[in-house]
Amino acid sequence: MDYFSLKMRASQDVENVDGDRHEQHISGAERIVPQSEIESVCIAMVRRAMKHPKGDPDKINVKIERVAESDIRILDALPVTRVDVDSWQEGRQKAFDLIGEAAAGIREKLPELLQATYPMRGAMLYDIRTGKRLEPNLERGVRATYMDALKSNDVDARKEGEAPCQNKNHFNEAIVLATKVANAPGIVAELCISDDPDYVTGYVGSLKLGYVRIMKLKEMGDPNGGRIFLFDSSKATPEECIEFLQQKKVLVRCP
Ligand code: WAQ
Ligand code: MG
């Protein structure tokens with residue numbers, strides 16, 4: 001049976017000080033579902049776009065692509081653990097410590113790298129061997145795409161009468177992304193902090209550590225967040241890694 005990838009992007013037309021108009025991203029979502037679910041998922045995506053707290057969209061794009069089942073890789077979700085902390089400062093120390101174990105010598109560099117991700121829409125891809133950034137576009141970063149939870153559209157996975165995708169579930173979306181990223185060639189660890197001002201929980205992820213939720217990684221109200229994918233160029237080429245992140249179709253089996 002074939003599947004279909006659905007991707008939604010919503011944007012607003014904004015005018016800058018020079019009078020130039022451009023599209024500003026407000027929301028996005030993606031799914032990989034059987035044919036029978038295309039319509040309902042499409043409706044849920046449009047609904048999500050229309051109700052986004054960042055404002056009303058001027059343009060909504062929904063792209064639907066057939067995906068051969070033989071091109072889909074099924075991965076087990078990273079095992080989840082949770083670290084409670086008293087403050088976001090303590091949370092960051094814990095996160096940096098964990099990543100320091102995964103990649104020697106990186107710990108001191110993390111605060112500065114993290115800062116550099118704040119304006120980016122994608123993730124930083126950082127080579128721990130050379131200390132170089134590997135994103136083809138440094139402003140945008142690398143984006144992981146073509147992934148979903150296996151059967152996340154099951155009726156029992158959502159409330160009665162509520163379509164999936166309507167409201168963002170940070171954890172469900174993050175475990176899928178983190179699992180894909182951890183399995184990418186050459187990736188040794190990921191650090192993630194949401195850019196949503198009222199979502200302060202983040203995580204460190206890797207095949208070794210699993211998905212470690214750190215309950216406070218920033219101050220409530222802080223709009224800054226970002227992702228760092230730590231890569232080891234002695235294990236794979238950047239091209240292989242980026243190809244996997246951007247092209248490989250992945251379904252994540254969640255417990
Ligand atoms: N690929 C790469 N980077 C991305 C992607 C993607 N598909 N989507 C977002 N980013 C980057 C981007 O720079 C964002 O600013 C940053 O990550 C944060 O994204 O267990 O909500 O979507 O409860 O705000 C973690 C859940 C939620 C923790 C993370 O991230 C938990 C979250 P956001
Ligand atoms: Mg966000």
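**Exercise 1. The aromatic cluster**

Task: In this predicted model, work out which ring pairs join Phe171, Tyr203 and Tyr211 into one aromatic cluster, and classify each pair by its geometry.

Solution. Begin with the total, which comes to 2 aromatic pairs. Phe171 and Tyr211 make up one of them, with 5.6 Å from centre to centre and 85° between the planes; because planes over 60 degrees apart count as edge-to-face, that is the class of the Phe171–Tyr211 pair. Next, place these two residues along the chain: Phe171 belongs to helix 4 (residues 170–182) and Tyr211 to strand 10 (residues 210–214), so that the pair links distant parts of the chain, 40 residues apart. Then take Tyr203 and Tyr211, whose ring centres are 4.5 Å apart with planes at 25°, and which are therefore stacked. Tyr211 takes part in the edge-to-face pair and also in the stacked pair, and Phe171, Tyr203 and Tyr211 accordingly form one cluster.

**Exercise 2. Accessibility within the cluster**

Task: Decide for Phe171, Tyr203 and Tyr211 whether each is buried or partly exposed.

Solution. The cut-off needed is 20% relative accessible area, under which a residue counts as buried. Tyr203, at 1%, is buried, and Tyr211, at 3%, is buried as well. Phe171, with a relative accessibility of 24%, counts as partly exposed.

**Exercise 3. The open sheet**

Task: Describe the order of the 6 strands in the open sheet, find the strands that stand at its edges, and follow the pairings of strand 5 and strand 11.

Solution. Read across the sheet, the strands come in the order 5-10-9-8-11-6, and their pairing is mixed. Strand 5 (80–83) and strand 6 (124–127) each have a single partner strand, so each is an edge strand with one side left without a neighbour in the sheet. From one strand to the next, the twist averages 20°.

At one edge, strand 5 pairs with strand 10 in the parallel sense over 4 bridges, and Val80 has Tyr211 in strand 10 as its bridge partner. The residue reached here, Tyr211, is the one whose ring also stacks with that of Tyr203.

At the other edge, strand 6 and strand 11 are parallel and share 4 bridges, with Phe231 in strand 11 as the bridge partner of Asp127. Strand 11 also runs antiparallel to strand 8, to which 6 bridges join it; here Glu190 is matched with Phe229 in strand 11. Finally, 5 of the 6 residues of strand 11 are buried, so this strand is largely enclosed by the rest of the structure.

**Exercise 4. Helices across the sheet**

Task: Which strands does helix 2 lie across, and which does helix 3 lie across?

Solution. Helix 2 (residues 88–102) lies across strands 5, 8, 9, 10 and 11, and runs at about 170° to strand 8. Helix 3 (residues 110–117) lies across strands 6, 8 and 11, running at about 125° to strand 11.

**Exercise 5. Charges and a metal ion**

Task: Identify the rings over which Lys7 and Lys180 lie, and name the protein donors of the magnesium ion (ligand 2).

Solution. The charged end of Lys7 is placed over the ring of Tyr146, 3.7 Å from its centre, whereas Lys180 lies over the face of Phe244 at 5.6 Å from the ring centre. For the magnesium ion, the protein donors are Asp195 (OD) and Asp196 (OD), which lie 2.0 to 2.3 Å from it; of these residues, Asp195 has a relative accessible area of 42% and is partly exposed.

Notes: Residues numbered from 1 in each chain as written. Chains lettered and ligands numbered in written order. Predicted model: local features only at pLDDT ≥ 70, side-chain atom pairs only at ≥ 80, totals over all residues. Heavy atoms only, no water. Phe/Tyr/Trp six-rings, centres within 6.5 Å; stacked < 30°, edge-to-face > 60°. Buried < 20%, exposed > 50% of the residue type's maximum accessible area, 1.4 Å probe, protein only. Lys NZ or Arg CZ within 6 Å of the ring centre and 35° of its normal. Pairing = 2+ DSSP bridges. Axes fitted to C-alpha atoms, helices over the stretch in contact; angles between N-to-C directions. Contact = heavy atoms within 4.5 Å. Donors = N, O, S within 2.8 Å, 3.2 Å for Na, K, Ca; no water.
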